[in-house]
Amino acid sequence: MRCLLVYDIENDSKRSKIADACLDYGLDRIQFSAFLGSLEATHQEELMLKIQKVLGKRAGNVQLFPLCEKDWEARRVIAQAKEGEYAG
């Protein structure tokens, strides 16, 4: 199932480790603090547990949104690249 994971984390080190965890689970970075990709329910839970462990007692807000096919198809995107770059 497609998932959107977003976070707001103040600590640079924790934020970097959480971004790495998202990439390790095959999610693609779509914004500085947002990742998108396909994760089965068990992997969603694993990733959130890993993120909780990395975050520890530090302040942070991490939210994972599963997206059904209907919601995915209804999304709206504006992706404009800098001149000479591909916006994909």
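In the predicted model, R2 has a relative accessibility of 28% and therefore counts as partly exposed, since that class lies between the limits of under 20% for buried and over 50% for exposed residues. The side chain of R2 meets that of E69 in a salt bridge, with a nitrogen-to-oxygen distance of 3.3 Å. Because R2 belongs to strand β1, which covers residues 2-9, and E69 to helix α3, which covers residues 69-74, this pair ties together parts of the protein that are 67 residues apart in sequence. E69 likewise falls into the partly exposed class, in its case at 46% relative accessibility.

The structure holds 2 salt bridges, and the pair formed by R15 and D12 is another of them, its side chains meeting at 2.2 Å from N to O. Here both residues lie in helix α1, which comprises residues 12-24, and, being 3 residues apart, they are separated by about one helical turn. The two members of this pair are assigned to separate accessibility classes: R15, at 25% relative accessibility, counts as partly exposed, whereas D12, at 52%, counts as exposed, a value that passes the limit of over 50% set for that class.

With regard to the overall architecture, the secondary structure of the protein comprises 3 helices and 4 strands, and these elements follow one another along the sequence in the pattern β-α-β-β-α-β-α. Strand β1, which contains R2, and helix α3, which contains E69, thus belong to a chain whose pattern begins with a strand and ends with a helix. The C-alpha trace spans about 40 × 30 × 20 Å along its principal axes. Among contacts between residues at least 6 apart in sequence, 67% join residues that are at least 24 apart; the salt bridge between E69 and R2 links positions with a sequence separation of 67 residues.

As to the surface and the charges of the protein, 26% of its 88 residues count as buried, and the accessible surface amounts to about 6600 Å², of which carbon and sulfur atoms account for 49%. The protein carries 13 positive and 14 negative charges, and the mean positions of these two sets are 6 Å apart. Four of the charged side chains, those of E69 and R2 together with those of R15 and D12, take part in the 2 salt bridges of the structure.

Technical notes. Residues numbered from 1 in each chain as written. Predicted model: local features only at pLDDT ≥ 70, side-chain atom pairs only at ≥ 80, totals over all residues. Heavy atoms only, no water. Helix = DSSP H or I, 4+ residues; strand = E, 2+ residues; numbered from the N terminus. Buried < 20%, exposed > 50% of the residue type's maximum accessible area, 1.4 Å probe, protein only. Contact = heavy atoms within 4.5 Å. Areas by Shrake-Rupley, 256 points an atom, 1.4 Å probe, with all protein chains shown as cover. Lys, Arg positive; Asp, Glu negative; His and termini not counted. Charge placed at Lys NZ, Arg CZ, Asp CG, Glu CD.
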